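Welcome to my notebook. I am jotting down what I looked up, one short entry at a time, so do follow along with the structure open.

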Amino acid sequence: DNTVPKLDPLSSAYDSAAVLLSKIKTFPINPATSKPFDKYSFLDQGQVNGEIQQGVAGDLGMQVTYATDQSNNSHLYVLFADKNSPAGLVGVTRGWEITAINGDANISYDGNGPHVQKVINAVYNDAQASFTFKKPGGTSVTNTLVKAVYQINPVLFDSVYNVSGKSVGYFVFNSFSSVFNGTSPTLTKTELDRVFSKFQAANISSIIVDLRYNGGGSVGTAEYIDSLI
């Protein structure tokens, strides 16, 4: 539409996505009403916005998945847990098996059946639930986890490995939450700076950024990581 002027989205005139969107919505003008056509566009101000912009979440902080053994029996495992979340704070981490929920061991995979629904409710919907975990070493522990608001730590794990005599930096980056909240640095920025300072001190020659569970987020954070690399 030739009634919409060219706008530079990177211009300093637009200090946020909301400001840019507000400008875009003023074009084009409906000649019948002398008002902008667009009155519906908006930016989400809910949970997703909070997780991306402020780097906060309000849940148990863990993701789970089923896996089958050689006998085709299903087992429920923790994929990952945020270090600052209710799950992370009691030590829950990748590889722990969930053997019971609220004392009920009937949690084997059954498609869309009551077992899976029980897991979904406990991990994602209910305000709190009790989980019995079996650690990789064979010991078990039971923890009651309560939903809470916490500051997301998107760096799930980081290390430097020696591979054929070369130092390789590796880290798992779970969410492109913003590196700034307004003008204030977020925990995301602090963690990224820490990891790359560690890599620099180790004089790494290669880097692996593990994004397998990352659901996306701020383009600015992606640009920041690019710059660090």
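**Entry 1: a strand and its neighbours**

I began with strand β6 and its partner β7 (residues 128-134): four bridges join the two, and they run antiparallel. I kept in mind that this is a predicted model.

Next I looked up a residue of β7, lysine 134, and found glutamate 97 standing opposite. Glutamate 97 in β6 also has tyrosine 77 opposite.

I then turned to strand β5 (residues 74-81), which is joined to β6 by two bridges, again with the strands antiparallel.

How many of the five residues of strand β6 are buried? I noted four, so β6 (residues 97-101) is largely enclosed by the rest of the structure. Buried here means under 20% relative accessible area.

**Entry 2: aromatic rings**

I searched the whole structure for aromatic pairs, and eleven turned up. I picked out phenylalanine 171 and phenylalanine 196, whose ring centres are 5.7 Å apart with 75° between the planes, an edge-to-face pair. I checked where the two sit: phenylalanine 171 is in strand β11 (residues 166-173) and phenylalanine 196 is in helix α5 (residues 187-201). With these positions 25 residues apart, the pair links distant parts of the chain.

Is phenylalanine 171 buried or exposed? I wrote down buried, because its relative accessibility is 0%. Phenylalanine 196 has a relative accessible area of 11%, so I put this residue down as buried too, under the 20% limit.

I followed phenylalanine 196 to another ring, that of phenylalanine 199. Their centres are 5.8 Å apart and their planes are at 70°, so I recorded this pair as edge-to-face. The angle is over 60 degrees, which is what the edge-to-face label asks for. Both residues belong to helix α5, and because they are three residues apart, about one helical turn separates them. Phenylalanine 199 counts as buried, at 1% relative accessibility.

I closed this entry with the wider group: Phe171, Phe173, Phe176, Phe196 and Phe199 make up one aromatic cluster.

**Entry 3: a patch on the surface**

For my last look-up I went to the surface. I found a nonpolar patch of about 270 Å², made by Phe157, Tyr161 and Val163.

I located phenylalanine 157 in strand β10 (residues 155-163). Why does phenylalanine 157 count as partly exposed? Its relative accessible area is 40%, and the label fits because that value falls between the 20% limit for buried and the 50% limit for exposed.

Note on methods
Residues numbered from 1 in each chain as written. Predicted model: local features only at pLDDT ≥ 70, side-chain atom pairs only at ≥ 80, totals over all residues. Heavy atoms only, no water. Patch = residues over 30% accessible without salt bridge, like charges linked within 9 Å, V, L, I, M, F, W, Y side chains within 5 Å. Areas by Shrake-Rupley, 256 points an atom, 1.4 Å probe, with all protein chains shown as cover. Salt bridge = Lys/Arg side-chain N within 4 Å of Asp/Glu carboxyl O. Buried < 20%, exposed > 50% of the residue type's maximum accessible area, 1.4 Å probe, protein only. Pairing = 2+ DSSP bridges. Phe/Tyr/Trp six-rings, centres within 6.5 Å; stacked < 30°, edge-to-face > 60°.
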